[in-house]
Amino acid sequence: MCVVCGCSNSGATAEPSSKGDLHFGLGAARVSVPGMGAERAIKLEADVLGANNAIATHNRAHFAAHGVTAYNLVSSPGSGKTTLLCATIEALKQRADAPALAVIEGDQQTTHDADRIRATGAPAVQVNTGKGCHLDAEMVAAAFARLPLHDAPGGGLLFIENVGNLVCPAMWDLGERAKVAILSVTEGEDKPLKYPDMFAAATLMVLNKVDLLPHLDFDVARCIAYAQRVNPGIEVLLVSARSGQGMDAWIDWLLEDRAAATAHDHDQPHGHGHGHPHGHGHPHDHVHG
């Protein structure tokens with residue numbers, strides 16, 4: 001786990017495989033922290049995540065009280081999250097039924113991404129984590145307090161752009177309705193197998209930058225199959241924020257899912273985004289021009 005930061009394997013030992021490879025995630029704690037036993041690592045994780053989840057539960061109730069539906073956008077660096085968000089904001093402006101929206105931006109340093117969001121006219125708060133590799137519920141609570149969604153008639157959409165990292169954000173509940181994993185087709189179709197916790201925690205996988213597919217050796221069907229292997233219920237959309245391909249399907253997904261969320265009893269927690277009632281029993285790979 002990451003308790004800023006227990007991810008180093010320096011000095012740890014593991015049994016080599018028949019090929020001579022090492023696997024430090026086979027123990028009960030599923031992580032190796034130098035100088036710390038598995039039992040202690042599990043307790044530390046439970047204590048830290050327990051405190052975080054209490055705040056996340058409060059966030060979820062707070063969002064519901066204000067009619068706000070939050071989505072936690074997760075990906076590796078360079079997947080195009082901010083570009084997709086800017087395109088999403090512009091596309092929502094064209095929808096008569098679009099709610100108010102705001103963005104919480106997570107990065108280690110700089111306000112570059114928040115400045116890009118603000119340039120679209122949407123309110124945004126930058127959260128810089130320093131050496132931290134993910135947002136936590138307390139950070140989100142502090143940022144949400146600075147956003148105008150509290151007073152938006154009919155509530156709104158809150159996008160939380162997490163720090164670029166496909167490992168640690170998987171286990172941190174922020175109070176979101178769902179995690180949306182954004183995977184660029186420039187990254188390789190095996191990412192869901194390499195980082196299974198993230199794709200298992202996600203409700204939706206957005207395959208971004210599909211306009212580049214003619215220039216790449218990327219197997220879309222294989223990538224979707226890998227994502228389904230770690231999360232049989234994951235939904236899939238193919239999108240290009242640059243060309244606009246698939247943007248209608250993405251906006252439809254957001255508005256339909258938000259409608260389902262607001263119709264639901266907001267006093268009931270949604271956990272980490274699993275079990276969201278979107279009405280689909282299987283992943284789909286729609287491509288809308």
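Look for disulfides anywhere in this structure, which is a predicted model, and you come up with zero. Cys-168 shows how that plays out: its nearest cysteine sulfur belongs to Cys-133 and sits 3.5 Å away, while a disulfide needs the two sulfurs within 2.5 Å. Cys-168 is buried, at 5% relative accessible area, and Cys-86 is buried too, at 14%.

On to the aromatics, where the count is three pairs. One of them is Phe-63 with Phe-144: the ring centres are 4.9 Å apart and the planes meet at 80°, so this pair is edge-to-face. Phe-63 comes from helix 1 (residues 38-65) and Phe-144 from helix 4, so the contact ties together parts 81 residues apart in sequence. Another pair is Trp-250 with Trp-253, whose centres are 6.2 Å apart with planes at 15°, so that one is stacked. Both tryptophans lie in helix 8 (residues 247-263), three residues apart, or about one turn of the helix. Together with Tyr-71 they make one aromatic cluster.

Here is how buried these four rings' residues are:

| Residue | Relative accessible area |
|---|---|
| Phe-63 | 3%, buried |
| Phe-144 | 2%, buried |
| Trp-250 | 0%, buried |
| Trp-253 | 2%, buried |

Back to helix 4, the home of Phe-144. Which residues of helix 4 are buried? Across residues 137-144 they are Ala-137, Val-140, Ala-143 and Phe-144. Looking down the helix axis, these buried residues fall within an arc of 125°, so they line one face of helix 4. At the start of helix 4, Asp-136 puts a side-chain oxygen within 3.1 Å of the backbone nitrogen of Glu-138.

Technical notes: Residues numbered from 1 in each chain as written. Predicted model: local features only at pLDDT ≥ 70, side-chain atom pairs only at ≥ 80, totals over all residues. Heavy atoms only, no water. Buried < 20%, exposed > 50% of the residue type's maximum accessible area, 1.4 Å probe, protein only. Helix = DSSP H or I, 4+ residues; strand = E, 2+ residues; numbered from the N terminus. Arc of directions from axis to C-beta. Polar contact = N/O pair within 3.5 Å; in protein donor to acceptor, adjacent residues only side chain to side chain. Phe/Tyr/Trp six-rings, centres within 6.5 Å; stacked < 30°, edge-to-face > 60°.
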